[in-house]
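Student: Could you take me through one part of this structure closely? I would like to start at the place where the ligand sits and then follow the chain outward from there.

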Amino acid sequence: MKIFLIGFMGCGKSTLGRKLATKLGYDFIDLDQQIEKQIGMSIGAYFAANGEAAFRAFERKTLQEFNYPSNCVVATGGGAPCYFDNMEWINNNGTSVYIEMSATALARRLENGKDKRPLLKDMNPEEMIHFIEHKLEERNPFYLQASLKVNGISLTPDDLRALLLSDV
Ligand code: S3P
């Protein structure tokens with residue numbers, strides 16, 4: 001089974017995904033890390049040099065052309081499901097799980113990690129909450145196409161595992 005974790009930056013896709021993969025005995029794939037490996041620089045540096053549109057094209061190619069093992073947990077970048085036909089591709093190729101969280105909770109969690117996120121790095125806390133609220137509204141129509149939706153607050157890898165196993 002291929003499990004795609006989707007959701008906004010800061011919702012815990014990578015941390016939860018890595019632990020879930022260990023529990024299931026699956027491989028873990030972090031798509032942002034795969035992109036960084038291929039472009040040979042950080043996503044922040046790539047955004048600065050080539051702009052967001054070039055990043056989205058590369059992100060699509062990586063998502064859709066990666067050689068996934070048959071059993072794996074994939075943490076996608078927060079924007080990945082929301083561009084091109086990516087969400088449809090995800091749903092045709094695996095089980096998608098949307099880790100939902102409010103804008104306020106996301107803003108709190110992102111305060112420390114915002115420097116490595118090019119979309120947030122120059123924002124003050126007030127700008128960040130507005131940006132997240134707006135982006136969530138824009139992205140939710142994609143995120144909500146996930147096969148499974150789960151509240152990310154206090155979510156544990158065991159909760160996720162139980163949710164997935166009850167669904168198959
Ligand atoms: C982005 C999310 C990031 C990364 C890039 C753009 C987004 O991934 O792909 O900075 O548009 O939401 P994380 O969700 O892992 O932070």
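Tutor: Happy to! Let's begin with R117: one of its polar side-chain atoms lies 2.8 Å from an oxygen atom of the ligand. Keep in mind that this is a predicted model. The protein covers 94% of the 390 Å² of accessible area that the ligand has on its own. Two other residues also place an atom by a ligand oxygen. D32 uses a polar side-chain atom, at 2.7 Å, while G78 uses a backbone N or O atom, at 2.8 Å. In total, 13 residues surround the ligand, and those that come nearest are K13, D32, R56, R117 and R139.

Let's pick R139 from that group and follow it away from the ligand. R139 is one of the buried residues of helix α7, along with M128, I129, F131, I132, K135, L136 and Y143. Helix α7 covers residues 125–143. Look at its N-terminal end and you will find N124 acting as a cap, with a side-chain oxygen 3.0 Å from the backbone nitrogen of E126. Further along, the helix bends by about 35 degrees at E137, and the proline P141 follows within four residues.

What do the buried residues of α7 pack against? Their partners are two strands, β1 (2–6) and β4 (95–100), and two helices, α4 (52–65) and α6 (103–110). I132 makes a good example to click on. Leaving aside residues up to four places away in sequence, I132 touches F8, A103, L106, A107 and L110.

That brings us to the nonpolar core. In soluble globular proteins, nonpolar side chains tend to be buried together. Here, the largest such core has 48 residues, and F8, Y68, V73 and I132 have the most contacts inside it. Helix α7 gives the largest share of this core, 6 residues. There is also a second, separate core of 6 residues, with I39, I43, F47 and F55 among them.

Now move to α4, one of the helices that α7 packs against. E59 is found in α4. Is E59 buried or exposed? E59 counts as buried because its relative accessibility is 2%, and the cut-off for buried is under 20%. Not counting residues up to four places away in sequence, E59 touches I35, G77, G79 and A80.

For a contrast, try Q33, in helix α2 (residues 31–39). Q33 has a relative accessible area of 44%, so it is partly exposed. If you want a sense of distance, compare Q33 with Y83: they are 50 residues apart in sequence, and their C-alpha atoms are 19 Å apart in space.

Finally, have a look at two loops. F84 sits in the loop between β3 (72–75) and α5 (86–93). Its phi is near 55 degrees, a positive value in a residue other than glycine. S154 lies in the loop between β5 (148–151) and α8 (157–167), and S154 too is not a glycine yet has a positive phi, of about 60 degrees. With 65% relative accessibility, S154 counts as exposed.

To retrace the route, go back to R139: it is among the residues that come nearest to the ligand, and it is also one of the buried residues of α7.

Conventions: Residues numbered from 1 in each chain as written. Predicted model: local features only at pLDDT ≥ 70, side-chain atom pairs only at ≥ 80, totals over all residues. Heavy atoms only, no water. Bend = angle between axes of the 7 residues up to and from the residue. Buried < 20%, exposed > 50% of the residue type's maximum accessible area, 1.4 Å probe, protein only. Contact = heavy atoms within 4.5 Å. Polar contact = N/O pair within 3.5 Å; in protein donor to acceptor, adjacent residues only side chain to side chain. Near = heavy atom within 4 Å. Areas by Shrake-Rupley, 256 points an atom, 1.4 Å probe, with all protein chains shown as cover. Core = buried A, V, L, I, M, F, W, Y, C linked by side-chain atoms within 4.5 Å.
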